[in-house]
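Notebook open, viewer open. I'm jotting down what I look up as I go.

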Number of protein chains: 2
Amino acid sequence: MSTVGKAVSLLDLFSVDEPELGLTEIARRSGFDKATTRRLLVSLTQHSFIEQDTGTRHYRLGAGLTRLARIREARFPFLQTSLPFIRELARETGETVHLTEASNGSLLSVHVEHPSRANRVNVNVGEYLPLHSTASGVAYLAHVREPVLNSALAGPLEPFTSRTITDPAAIMDSIEIARKRGYSMSDQGYEEGVFSVAAAILGADGYAIGTLAIAAPLVRTSRSAATERGKAVAAAARGISEQLFGEVFNALKGRALA
Amino acid sequence: MSTVGKAVSLLDLFSVDEPELGLTEIARRSGFDKATTRRLLVSLTQHSFIEQDTGTRHYRLGAGLTRLARIREARFPFLQTSLPFIRELARETGETVHLTEASNGSLLSVHVEHPSRANRVNVNVGEYLPLHSTASGVAYLAHVREPVLNSALAGPLEPFTSRTITDPAAIMDSIEIARKRGYSMSDQGYEEGVFSVAAAILGADGYAIGTLAIAAPLVRTSRSAATERGKAVAAAARGISEQLFGEVFNALKGRALA
DNA sequence: CAAATTGGTTCAATATTTGAACCTCTATTT
DNA sequence: AAATAGAGGTTCAAATATTGAACCAATTTG
């Protein structure tokens with residue numbers, strides 16, 4: 001692994017649930033030597049990718065990430081464009097709504113809107129989603145280039161629950177259905193008791209750039225509720241695509257004129 | 001320079017104005033060899049920090065940055081907390097409002113709200129702000145630890161305009177005033193024809209964690225308008241501090257109970 | 001269509017990274 | 001209050017990854 005890869009992999013150790021870690025802990029989890037780990041952390045700190053708490057000396061993600069993320073978002077306002085759609089879906093359905101962005105053949109969880117009720121599906125921002133066992137993953141795979149699809153179904157597919165579909169052919173069936181219907185469904189494929197629907201957000205070239213999903217407890221998911229959510233999420237995903245596509249186009253026009 | 005530093009410095013080449021760059025261009029600007037540059041870019045791409053346009057083959061910032069930024073924001077909702085205050089200030093004053101976050105003794109431009117009028121001050125998200133010649137910089141320096149202040153005034157201070165204050169003693173005077181009054185002012189210290197006021201956003205320990213600024217064309221800035229904006233920006237900065245401090249506190253309480 | 005420019009690749013020479021051992025400090029434990 | 005354990009941090013010879021000149025292929029330009 002390249003040194004850069006090692007450094008970046010340290011950043012991946014932080015999550016919403018564990019936002020701060022000590023040096024020894026980071027070294028243990030990454031598998032790198034303590035000296036190596038520290039040198040990498042110092043490098044990252046110098047560029048504001050990591051901050052060190054002056055009190056506890058623990059490390060956490062730094063403001064430089066926010067800065068670069070904002071530069072990216074300024075040119076490609078994926079999150080900003082999606083937010084109103086997400087909020088509206090969350091309001092309409094009263095369930096957890098979840099936005100992912102595709103990158104390198106993976107889905108990155110970018111935003112989650114939780115309903116205020118007690119019994120709800122909790123999803124953490126910042127996680128990677130498995131492709132074969134989530135509604136988002138299937139919706140995504142329904143609109144990717146052949147090689148991405150093949151490599152996603154090639155490896156051994158982890159069964160997260162007793163209901164996870166791990167047979168590539170069966171997954172292909174789900175994908176076909178999602179393609180025709182415009183949205184995918186997952187009945188407890190990733191977590192027990194959770195039923196999700198998702199739709200792909202398409203880019204200018206017609207391939208998926210992300211997904212939008214609604215996740216609800218099984219007990220609140222009748223067949224008709226699922227269908228309704230599916231249609232809603234598909235419509236919202238289409239709305240995001242259209243607005244994003246239009247906005248990017250307008251931004252480019254504006255730039256060309258300036 | 002460490003390899004990690006080199007890799008991260010490549011990310012710093014991207015900006016709102018130049019969001020996409022080719023390999024040769026990146027190599028030229030970074031000063032690294034083309035082979036080295038590409039290897040670094042590939043490493044960064046593997047972790048979604050960089051994306052490559054499939055058409056032009058140009059490189060741009062990747063979705064992994066958004067992902068990590070969201071993890072950070074979930075624990076320390078600096079931007080989210082500040083946004084309502086920023087919007088309200090922008091509405092009240094009709095001028096450009098600007099949020100920075102402190103990191104490593106630098107100020108990173110994190111968010112900007114522009115008024116919709118034609119003659120306005122334009123600020124780009126994602127830039128580093130000089131400390132000696134901006135209202136934000138002075139407001140920040142008024143609330144930092146001694147060593148940070150000293151090193152900020154130590155180096156040669158670049159004169160950006162004919163009115164930039166470059167004499168450390170004179171800057172210290174501005175800092176003292178800002179400390180007493182609660183906000184700083186900058187009369188064309190960074191750009192000709194721009195008058196700015198700024199206030200420090202204080203952390204739990206009483207030191208600045210960022211700044212809030214209002215930047216307006218000189219022609220719309222009477223003495224009384226400047227004072228009014230100063231008071232408004234100081235009040236908003238205090239509001240952010242209090243809410244952030246409270247929210248963090250509540251979040252910690254919530255976590256402890258969970 | 002030849003010259004120039006761009007993205008990308010190779011491999012011996014070179015510079016950086018590595019990690020066991022060590023130090024220091026703080027907080028328990030005895 | 002001395003001893004122990006665990007944390008963060010540091011050092012330098014040995015091990016390894018990085019470097020860059022030269023190269024190729026594919027567009028773009030004059």
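Which residue of S3(A) does A:Glu51 stand opposite? I looked it up: A:Glu51 faces A:Arg60 there. A note to self before going on: this is a predicted model.

**Entry: the sheet.** I followed the strands of chain A next. S2(A) pairs with S3, residues 59-61 of chain A, over three bridges, in the antiparallel sense. I then traced the whole sheet, which is open and made of three strands in the order S1-S3-S2, with antiparallel pairing. At its edges I find S1 (20-21) and S2 (50-52) of chain A, each pairing on one side only.

**Entry: the two copies.** I wanted to know how chain B sits relative to chain A. A turn of 180° with a shift of 0.0 Å along the axis lays chain B on chain A, with an RMSD of 0.1 Å. I'm writing that down as the relation of a two-fold axis. Which residue of chain B comes closest to the rotation axis? I get B:Val4, whose C-alpha is at 2.5 Å. I also checked the interface: 100% of the interface residues of chain B are interface residues in chain A too, so the copies meet through the same surface.

**Entry: confidence.** I looked up pLDDT last. For chain A the average is 94, and 95% of the residues score at least 70. Residues 249-258 of chain A are another matter, as pLDDT stays under 50 there. For that stretch I find zero contacts beyond four places in sequence. Where pLDDT is low, the predicted coordinates should not be read in detail.

Key. Residues numbered from 1 in each chain as written. Chains lettered and ligands numbered in written order. Predicted model: local features only at pLDDT ≥ 70, side-chain atom pairs only at ≥ 80, totals over all residues. Pairing = 2+ DSSP bridges. Helix = DSSP H or I, 4+ residues; strand = E, 2+ residues; numbered from the N terminus. Least-squares fit on C-alpha atoms with pLDDT ≥ 70 in both. Contact = placed C-beta atoms within 7 Å. pLDDT = per-residue confidence, 0-100.
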